[in-house]
Amino acid sequence: MANVVLENVYKTYPGKVTAVRDVNLEIHDQEFMVLVGPSGCGKSTTLRMIAGLEEISGGSIYIDGRKINDVPPKDRDIAMVFQNYALYPHMSVHQNMAFGLKLRKYPKPEIATRVDEAAEILGIQDYLQRKPKALSGGQRQRVAVGRAIVRKPKAFLFDEPLSNLDAKMRVQMRMEISKLHNRLAATMIYVTHDQVEAMTMGDRIVVMKDGIIQQVAPPMEIYRRPANRFVAGFIGSPSMNFFEGRLDSRDGGLFFQEEHFALQLPAAAATRLASRAGQPIVFGIRPEDLSDSAAPDSEDPILQARLEVKEPMGAEVFLYLNTGKTPFIARVDGHKPYAIGEEVPLRVNLEKSHFFDSESGEVLT
Ligand code: ADP
């Protein structure tokens, strides 16, 4: 298997669209790395440069220490799985899976063994003789993955492989690809715009925006310690709430002051942010760090806000509230019979709060 290194990689398309800017990234051997970000952020371009399907405008890419900038795709020893499966419609599943090996002139018995092995891993033995049109979306996607597996490549590249599947099948294939990663112990690079896929599948996640890497870290670190407001808002569902306000030093404490409420910062945060007293700042808190249940010994401050909409999700309820200036969401497990328009008191877990520079969006630590 392989490690993949990108060094100062740029991509400029004709017409001067800079799709990828100065990307530096090391994907370790056997790692499952997810590139995530909104549409147009440059993740597919990055993947396609690794695959050799796009030329690199600047910088270098290495696979196992070998610079591959000018190596043609077929000689890079990597396999790519596409969103649209890219199966040959006139060939059977077996032929589709065998095709790449046949082109490379593998002996017949070797091809048969590899196709059987892959079919067994993916549970598609029963439809090896079918044509793609006689398969469901999930089955086609398995065949596309099978075609990659039989090659035993150094690395697997996935470009939004699940986006054509329905929600239930996406969840199932997500698990199957994760299991496959464990079983094959392969290096996998996976592109998605879906932050849930990124969180659940990645050993590490690369969050991109406008062609620039925003943060590279394991999922829970990205979730707990986002590097900036963009990452904080992109990862997590419902998204983190942001309140624009300023820091006020008074009564021997430091307060976050919004137009309609003030929260006193815990001592540690107050010390950290003391130098910003009097300045504008953005306060971020995730919906799950607001609570409507009692905690008698808690010193958490209370934020009162007007309830606009409630969404019962079954096990929990999403409350859509408004401070008078800022709309926000609380994710609570209590099922209290609030009326729309009611002032709801919410306990704010300030230990889980985030503060961002109001100009640059960088996290303040
Ligand atoms: P993502 O995969 O994150 O949606 P892409 O890598 O596909 O983003 O695209 C990044 C940027 O490059 C976008 O602005 C897109 O319009 C542009 N782009 C992608 N492919 C081409 C191309 N072949 N020619 C010109 N611009 C392109």
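Begin by selecting Tyr85, which sits in the loop between β6 (78–81) and α2, where helices (H or I, at least four residues) and strands (E, at least two) are DSSP runs numbered from the N terminus. Although Tyr85 is not a glycine, it has a positive phi of about 70°, and at 8% relative accessibility it counts as buried; here buried means under 20% relative accessible area, exposed means over 50%, and partly exposed lies in between, with a 1.4 Å probe and protein chains only. Most residues other than glycine have a negative phi, and most peptide bonds are trans.

This is a predicted model, in which local features need pLDDT of at least 70 and side-chain atom pairs count only at pLDDT 80 or more, while totals for chains, interfaces and linings use all residues. Residues are numbered from 1 along each chain as its sequence is written, and side-chain values use heavy atoms, with hydrogens and water left out.

**Other backbone points to visit**

Select Asp64 next, in the loop between β4 (58–63) and β5 (66–67); this residue, also not a glycine, has a positive phi of about 50°, and it counts as partly exposed at 37% relative accessibility. Then go to Lys105, just after α2, where phi is again positive, at about 60°. For a cis peptide bond, select Ser237 and Pro238, which are joined with omega at about -5°; Pro238 is placed in the loop between α8 (229–234) and β11 (241–250).

**Helix α2**

Select residues 93–103, which form helix α2, and colour Val93, Asn96, Met97, Ala98, Gly100 and Leu101, which are buried. The buried residues of this helix pack against α3 and α4 (137–149).

**The ligand and its surroundings**

Now select the ligand, together with Tyr13, Ala19, Pro38, Ser39, Gly40, Cys41, Gly42, Lys43, Ser44 and Thr45, which surround it; a residue is near the ligand if one of its heavy atoms lies within 4 Å of it. Helix α1 (residues 43–51) supplies the largest share of this shell, three residues. Which backbone atoms should be shown here? A backbone N or O atom of Gly40 lies 2.6 Å from an oxygen atom of the ligand, and a polar backbone atom of Cys41 is 3.0 Å from an oxygen atom of the ligand. From the side chain of Ser44, an N or O atom is 2.7 Å from an oxygen atom of the ligand. Taken alone the ligand exposes 560 Å², of which the protein buries 60%, with accessible areas coming from the Shrake-Rupley method with a 1.4 Å probe and, for residues, only the protein chains shown counting as cover.

**From Ser44 to Asp159 and Glu160**

Keep Ser44 selected and add Asp159, because a polar contact of 3.2 Å joins their side chains, a polar contact being a pair of N or O atoms within 3.5 Å, where within protein one must be able to donate a hydrogen and the other to accept it, and residues adjacent in sequence count only if both atoms are side-chain atoms. Asp159 lies in strand β7 and counts as buried at 11% relative accessibility. Not counting residues up to four places away in sequence, Asp159 touches Ser44, Leu47, Met80, Val81, Phe82, Gln83 and Val191, where contact means heavy atoms within 4.5 Å.

Move on to Glu160, in the loop between β7 (155–159) and α5 (167–184). Glu160 is buried yet has no salt bridge, and the nearest side chain of opposite charge, Lys43, is 4.2 Å away; Lys and Arg count as positive and Asp and Glu as negative, while His and the chain ends are not counted. A salt bridge is a side-chain nitrogen of Lys or Arg within 4 Å of a carboxyl oxygen of Asp or Glu. Leaving aside neighbours within four places in sequence, Glu160 is in contact with Lys43, Gln83, Val191, Thr192 and His193.

**Salt bridges**

The structure holds 17 salt bridges. Select Glu110 and Arg114, whose side chains meet in one of 2.7 Å, N to O; being four residues apart in helix α3, they are separated by about one helical turn. Glu110 is partly exposed, with a relative accessible area of 31%, whereas Arg114 counts as buried at 11%.

Next select Glu120 and Arg183, which form a salt bridge with the closest N and O atoms 3.5 Å apart. The pair links distant parts of the chain, with Glu120 in helix α3 and Arg183 in helix α5, 63 residues apart. Glu120 counts as partly exposed at 44% relative accessibility, and Arg183 as exposed at 52%.

Finish at Arg246 and Asp248, which form a salt bridge with the closest N and O atoms 2.8 Å apart. Arg246 counts as partly exposed at 38% relative accessibility, while Asp248 is buried, with a relative accessible area of 18%. Adding Arg250 and Asp251 to the selection shows a network of salt bridges that links them with Arg246 and Asp248.
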